[in-house]
Amino acid sequence: MSTVEPSPTSVPEPASWHAWREARRQRVTGPQGDLALVQTTWLPDGAEPDLEQVLVGQPASVTATAVHRKDIDTGAPEHGYRLWDAESPANRSYDGTPVFPYDPAWRIEARFTPAEPGRTIPYEHLRDAAGSTRDLVVPGDITATIDGREYRLSAFDDDGTLLLVFGDPTNRSTDDAERTYGTGRFLFVERPEGSSTGEESAVVLDFNHAFVPPCGFSDQYNCPLPPAQNRLHVPVHAGERYVAHRG
């Protein structure tokens, strides 16, 4: 299989990449970080969570937050709560998130083309019934050439930033030297400001900042899976790989 040609091993790692790695470590290990999520409960129709009540009897290390979504069949609002434990077994056994060496060859220039407002694309989610999808708003398309092949990628809006959910052959690899999280990885892409529908703008896909999705840290998350157009033919040897635990 052809691959993106790696840069020389002597290429220095930028300080911003090290800062990103430290920020990721703090995010996943925090009191309400990905490793701390121990319970997600959805309530019956019309019910809303009483966060003080759900904390009764819980240890001091546990906090609660409200969560909501739309019913996958009816679109009706659903409410629930999450419990976070700063001393969760996952947090205590966490042994880091291995990464590939920094490689500037995986910093790829691309183009973003805004779509009409409200355009959606169906995404399967890890813990939904097989074949069911949830429509997520995709504000535009990202066109990129990777290893000689042009892709038209779909990224949805995540609080103003584009979130690309992508897959590649490393997800299925049995080689410990290259394997990554099995269902795919995430990548934030800075969204251009002020562009109008159909007008192209330059963006950068820096796969050195690809990261393991929240469901790789806790089975209480329900992550979107890469749609067909976001599955790359070439192994992406960049970014976070998987979550490591002692024992």
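This is a short walk through the strands, the largest pocket and several single residues of a predicted model.

The model is predicted, so local features need pLDDT of at least 70 and side-chain atom pairs count only at pLDDT 80 or more, while totals for chains, interfaces and linings use all residues. Residues are numbered from 1 along each chain as its sequence is written, and side-chain values use heavy atoms, with hydrogens and water left out.

Start with a hairpin. Strand S2 covers residues 62-70, and strand S3 covers residues 77-85. Helices (H or I, at least four residues) and strands (E, at least two) are DSSP runs, numbered from the N terminus. S2 and S3 pair in the antiparallel sense, over 9 bridges. Two strands pair if DSSP finds at least two bridges between them. One bridge sets valine 62 against aspartate 85 in S3. Between the two strands of this hairpin there are 6 residues. Glycine 75 takes a positive phi there, near 80 degrees.

Next comes strand S5, residues 120-123. In a regular strand the side chains alternate between the two faces of the sheet. S5 shows such alternation. Ile121 and Tyr123 point to one face and are buried. Thr120 and Pro122 point to the other and are not buried. Here buried means under 20% relative accessible area, exposed means over 50%, and partly exposed lies in between (1.4 Å probe, protein chains only). S5 pairs with S6 in the antiparallel sense, over 4 bridges. Isoleucine 121 stands opposite leucine 136 in S6.

Now the largest pocket. Its volume is about 1500 Å³. The residues closest to its centre are His125, Phe156, Asp158, Asn222 and Pro224, out of 37 that line the pocket. On a 1 Å grid over the protein atoms alone, a cavity is a set of points where a 1.4 Å probe fits but cannot get out; a pocket is an open set with protein on both sides within 12 Å along at least five of seven lines, and lining residues have an atom within 4 Å of a point. Grid points are joined across faces, edges and corners, and a volume is the space filled by probe spheres set on the points. Several elements give two or more residues to the lining, among them helix H1 (15-29), strand S1 (37-42) and strand S8 (149-158). By class, the lining has 16 nonpolar, 7 polar and 14 charged residues. Ala, Val, Leu, Ile, Met, Phe, Trp, Tyr, Cys and Pro count as nonpolar, Asp, Glu, Lys and Arg as charged, and the others, Gly among them, as polar.

Two aspartates stand out by their backbone. Most residues other than glycine have a negative phi. Aspartate 147 has a positive phi of about 50 degrees. Its place is the loop between strand S7 (140-146) and S8. Aspartate 147 is partly exposed, at 24% relative accessible area. Aspartate 159 has a positive phi of about 55 degrees. Aspartate 159 lies in the loop between S8 and S9. It counts as exposed because its relative accessibility is 77%.

Leucine 164 sits in strand S9. It is buried, with a relative accessible area of 0%. Contact means heavy atoms within 4.5 Å. Not counting residues up to four places away in sequence, leucine 164 touches Leu153, Ser154, Ala155, Arg185, Phe186, Leu187 and Asn230.

Threonine 170 is found in the loop between strand S9 (161-166) and S10. Threonine 170 is buried too, at 0% relative accessible area. Beyond four places in sequence, its contacts include Glu178, Arg185 and His237. Its side chain also makes a polar contact of 2.7 Å with the side chain of threonine 180. A polar contact is a pair of N or O atoms within 3.5 Å; within protein, one must be able to donate a hydrogen and the other to accept it, and residues adjacent in sequence count only if both atoms are side-chain atoms.

Two residues in the segment after S11 close the walk. Serine 218 lies after strand S11 (201-206). Serine 218 is buried, with a relative accessible area of 5%. Leaving aside neighbours within four places in sequence, it is in contact with Asp34, Leu37 and Arg127. Arginine 231 also lies in the segment after S11. It is partly exposed, at 41%. The backbone oxygen of proline 226 lies 2.9 Å from a polar atom of the arginine 231 side chain.
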